[in-house]
Amino acid sequence: MTDVKNLEDIFQAKIDAEQKIEPKDWMPDAYRKNLIRQISQHAHSEVVGMLPEGNWITRAPSLKRKAILLAKVQDEAGHGLYLYSAVETMGVSREQTIDDLLSGKAKYSSIFNYPTLTWADIGAIGWLVDGAAIMNQVMLCRTSYGPYARAMVRICKEESFHQRQGYEIMAVLAKGTPGQKEMAQDALNRWWWPSLMMFGPTDANSPHSAQSMKWKIKRQSNDELRQIFIDRTVQQAEVIGLTIPDPDLKWNEETKHYDWGTIDWTEFNNVVAGNGPCNKERLAARNKAHNEGAWVREAAVAYAAKKAKRKAA
Amino acid sequence: MSDNPNNWPLWEIFIQSKRGLEHKHVGSLHAADPQMAIENARDVYTRRQEGNSIWVVASQHVHASRPEDAESFYDPADDKAYRHPTFYTMPEGAKYI
Ligand SMILES: [Fe+2]
Ligand SMILES: [Fe+2]
């Protein structure tokens, strides 16, 4: 007899044996729900993430930087698409998923609720925000749900220039005039802590993490990934002569990691709750784009119908 | 496709060689319905355990780009070297980037 308990054992055995779960496989309801939430949030983050950077496309300092920024933002749109498709394999319609973003029901990464005040912010985003996202995404290339893992492999390949172009912007500014260097430092000061928040709550405060690890949706904890990110980024900041805005930052010879200060979780919770500097602006921009694009969607369907009719005639 | 209703339609076959990998196109075959296409695909394409999962798609539902248009169709990507990580100069000594 295959009761649910038995099915769950078979499911967990597959996961333990490092086999991927595919859309038509039996899976526990909670696994499906968990993934729908995680993948759709991830998709929304890619899409909303275009807004802060899009803010600088028309004002990039050179044609070269403009072309690069356009290419990056274009990639993020693609990433949103791969992930929305992965959500669809779990039996949720595309429309429903997007409606949940537009109505404010679904969440996206809080980092995109901060404003991009100067050109250096574009450097800081590529270096830190894409850098932090990459850490998470490299781990997710080995996540247990097949369509999600395959989307991640593609995304990671495309991400590889995002972080480098951002770091290059920062390196150039840091070597520039005192004013340019100050601008780079200011951007680092503002983006550092929100970037660390991207890894999510501390392990002690992350109640769903254990289940996600057991299901191998995640394979490294929030704190582990955050620590690796800090260790790597501190070195990169040193190389270009910028200072990480954390007075408690200190190399620990024993642990072979940096010790560092504490995240302001009140700020984090506030932004998640919708009270960050740009939450309302971001959601309004998405809704505006969606509504103003309605005629394009309608026209495309009408044109396809007309072509089909002409072909049949 | 022929108009003769007794002629079986053509199906495109996609095989997933190992759990977790994508389904890849391997070829096509004729069959009367999807189930038969799957069984025939098993016999044609997985005799040496090449497969773990099979997708069949009616060939008439595959629409393709035109090879003769390839040059102009893909040339927008030709001058965008900045989409590749090697385009960027990293400062000396920077690691993990
Ligand atoms: Fe992305
Ligand atoms: Fe990116």
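Q: In this predicted model, does B:Tyr96 count as buried or exposed?
A: Let's start by finding the residue: B:Tyr96 lies in the segment after helix H2 (70-74) of chain B. Its relative accessibility is 59%, and the cut-off for this class is over 50%. B:Tyr96 therefore counts as exposed.

Q: What is phi of B:Tyr96 near?
A: Most residues other than glycine have a negative phi. B:Tyr96 is a residue other than glycine, yet its phi is positive. The value is near 55 degrees.

Q: Where is the place of A:Lys256 in chain A?
A: This is another residue with a backbone angle to look at: A:Lys256 has a positive phi of about 60 degrees although it is not a glycine. A:Lys256 is partly exposed, with a relative accessible area of 46%. Its place is in the loop between strand E1 (250-252) and strand E2 (257-259).

Q: Which residues coordinate the iron ion (ligand 2)?
A: The donor atoms sit at 2.0 to 2.7 Å from this ion. In sequence, the donor residues are spaced E-x53-D-x28-E-x2-H. Matching that pattern to names gives A:Glu76, A:Asp130, A:Glu159, which is listed with two OE entries, and A:His162.

Q: Which residue bridges the iron ion (ligand 2) and the iron ion (ligand 1)?
A: The two ions lie 3.3 Å apart. One of the donors to ligand 2 is also the bridge between them. That residue is A:Glu76.

Q: How many residues apart in sequence are the parts that A:Asp130 and A:His162 tie together?
A: A:Asp130 is buried, with a relative accessible area of 5%, and A:His162 is buried too, at 0%. A:Asp130 lies in helix H6 (residues 120-140) of chain A and A:His162 in helix H7 of chain A, so the pair ties together parts that are apart in sequence by 32 residues.

Q: Which side chains meet in the salt bridge between chain A and chain B?
A: The contact takes 26 residues from chain A and 20 residues from chain B, and it buries an area of about 2,000 Å². The count of salt bridges between the chains is one. At 2.5 Å, N to O, the side chains that meet are those of B:Arg19 and A:Asp25.

Q: Which helix gives the most to the side of chain A that touches chain B?
A: Across this interface there are 14 residue pairs in polar contact. On chain A, helix H4 (63-88), helix H7 (146-174) and helix H10 (222-239) each supply at least two residues of the touching side. The one that gives the most, with nine residues, is H7(A).

Definitions and conventions:
Residues numbered from 1 in each chain as written. Chains lettered and ligands numbered in written order. Predicted model: local features only at pLDDT ≥ 70, side-chain atom pairs only at ≥ 80, totals over all residues. Heavy atoms only, no water. Contact = heavy atoms within 4.5 Å. Buried area = accessible area lost by both parts, 1.4 Å probe. Salt bridge = Lys/Arg side-chain N within 4 Å of Asp/Glu carboxyl O. Polar contact = N/O pair within 3.5 Å; in protein donor to acceptor, adjacent residues only side chain to side chain. Helix = DSSP H or I, 4+ residues; strand = E, 2+ residues; numbered from the N terminus. Donors = N, O, S within 2.8 Å, 3.2 Å for Na, K, Ca; no water. Buried < 20%, exposed > 50% of the residue type's maximum accessible area, 1.4 Å probe, protein only.
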